[in-house]
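Dear colleague,

Here is the structure I promised to pass on to you, and below it I have set out what was found in it. Please keep it open beside this message while you read.

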Amino acid sequence: MSINLDKISKLTGFVDKLIQIKEIETILDESLITEMIEQAIIISGAAYSDEEKEAARRDISWKYQIFANPGQSILEDYEQDNWYDDRKTSIESKFWTRYKDYLIDTKHFSPNVVSTLGEDTLDQKLMNYILDPTADYPYPVLRRGLIIGDVQSGKTSTYIGFICKAADAGYKVFILLTGTIESLRKQTQERVEEGFIGIDMSANKTGGKRVGVGLDNKPIHPWITRTTVLVWWQPCSPASRLICSLIPT
């Protein structure tokens, strides 16, 4: 019996959502995956053959077997204020939620990898390492940090996720120094537009069309539509530029 690949794709997407809603990514086994598939079929009301169920089960099993190790940190000897731990439950994760969904649904990242990025690397480490943008410090405070990763290790996804988390927490200005190679600068701009802004900012060519996270059919956040801009700085050569994405207070 032939199988319908489109139906299988829809079923696995439905099962993905159930797994995320139930927050059972880390305890999945074969029996639980089978149970989620049956629940998804009952809710959808669609008919699936045994072959299509088996194909969906293989896809889900493979997807959730991919894990990422949390990043490691080396900290200077200073008093660590875990402000993000205290504020996290009160922060509305608008930018992070749509980026997380984009990575899983569109870029087909393993949910386990995205969960490690969001809940460990960003929430437990990087967000606590930067300063609370809403705090009233009685004196000037400077906090520096450096993130290092191998080629194709997820550095871009990490710093775009970092930007999303920071924007949700109240940060207003993000500056990306993109190096001296024009092709890489352009690639970085496109990744930021897809992962954070949601709009192709080359409006003279596209009219500001939706891209990436902006394709979720939800209203673009008013911070973005009103005043997000790209500032190009050219002190030396056409290849030496700076991208600055501004969000108003």
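Tyr137 counts as partly exposed, because its relative accessibility is 30%, a value that falls between the limits of under 20% for buried and over 50% for exposed. You will find Tyr137 in the loop between helix 6 and helix 7, and together with Tyr139 and Val141 it makes a nonpolar surface patch of about 280 Å². Please bear in mind, here and in everything that follows, that this is a predicted model.

As for the overall layout, the protein has 10 helices and two strands, and when it is read along the sequence these follow the pattern α-α-α-α-α-α-α-β-α-α-α-β. Of the 249 residues in the protein, 39% are buried, while the accessible surface comes to about 15,100 Å², with 54% of that area belonging to carbon and sulfur atoms. If you consider the contacts between residues at least 6 apart in sequence, 68% of them join residues at least 24 apart.

Turning to the interior, the largest nonpolar core has 29 residues, and those with the most contacts inside it are Trp96, Tyr99, Cys164 and Phe196. The elements that give two or more residues to this core are helix 4 (83–87), helix 5 (94–105), helix 6 (111–129), helix 7 (155–169), strand 1 (173–177) and helix 8 (182–197), and the largest share, seven residues, comes from helix 7. Leaving aside residues up to four places away in sequence, Trp96 touches Val114, Leu117, Gly118, Leu122, Gly161, Cys164, Lys165 and Asp168. There is also a second, separate core of 18 residues, which includes Ile37, Ala40, Ala55 and Ala56.

Two buried residues are worth finding on the screen. Thr158, which is found in helix 7, counts as buried because its relative accessibility is 14%, and the cut-off for that word is under 20%. The side chain of Thr158 reaches the backbone oxygen of Gly154 at 2.8 Å, and, again not counting residues up to four places away in sequence, Thr158 touches Leu117, Thr121, Leu122 and Leu126. Gly195, which is found in helix 8, is buried as well, with a relative accessible area of 1%. With the same sequence neighbours left out, those up to four places away, Gly195 touches Tyr99, Ile160, Cys164 and Val213. Gly195 and Val211 are 16 residues apart in sequence, and their C-alpha atoms are 8.6 Å apart in space.

Which residues, then, should you look at for the other end of the scale? Lys10, which lies in helix 1 (residues 5–22), is exposed, with a relative accessible area of 55%. Although Lys10 and Ala56 are 46 residues apart in sequence, the distance between them in space is 9.4 Å, taken from C-alpha to C-alpha. Glu23, whose place is in the loop between helix 1 and helix 2 (30–44), counts as exposed too, because its relative accessibility is 65%. The backbone of Glu23 also deserves a careful look, since its phi angle is near 55°, which is a positive value in a residue other than glycine.

With kind regards

Methods. Residues are numbered from 1 along each chain as its sequence is written. This is a predicted model: local features need pLDDT of at least 70, side-chain atom pairs count only at pLDDT 80 or more; totals for chains, interfaces and linings use all residues. Side-chain values use heavy atoms; hydrogens and water are left out. A nonpolar core is a set of buried Ala, Val, Leu, Ile, Met, Phe, Trp, Tyr and Cys residues joined through side-chain atoms within 4.5 Å. Buried means under 20% relative accessible area, exposed over 50%, partly exposed in between (1.4 Å probe, protein chains only). Helices (H or I, at least four residues) and strands (E, at least two) are DSSP runs, numbered from the N terminus. Contact means heavy atoms within 4.5 Å. Patches are made of residues with over 30% relative accessible area and no salt bridge: like charges are joined within 9 Å, nonpolar side chains (Val, Leu, Ile, Met, Phe, Trp, Tyr) within 5 Å. Accessible areas come from the Shrake-Rupley method with a 1.4 Å probe; for residues, only the protein chains shown count as cover. A salt bridge is a side-chain nitrogen of Lys or Arg within 4 Å of a carboxyl oxygen of Asp or Glu. A polar contact is a pair of N or O atoms within 3.5 Å; within protein, one must be able to donate a hydrogen and the other to accept it, and residues adjacent in sequence count only if both atoms are side-chain atoms.
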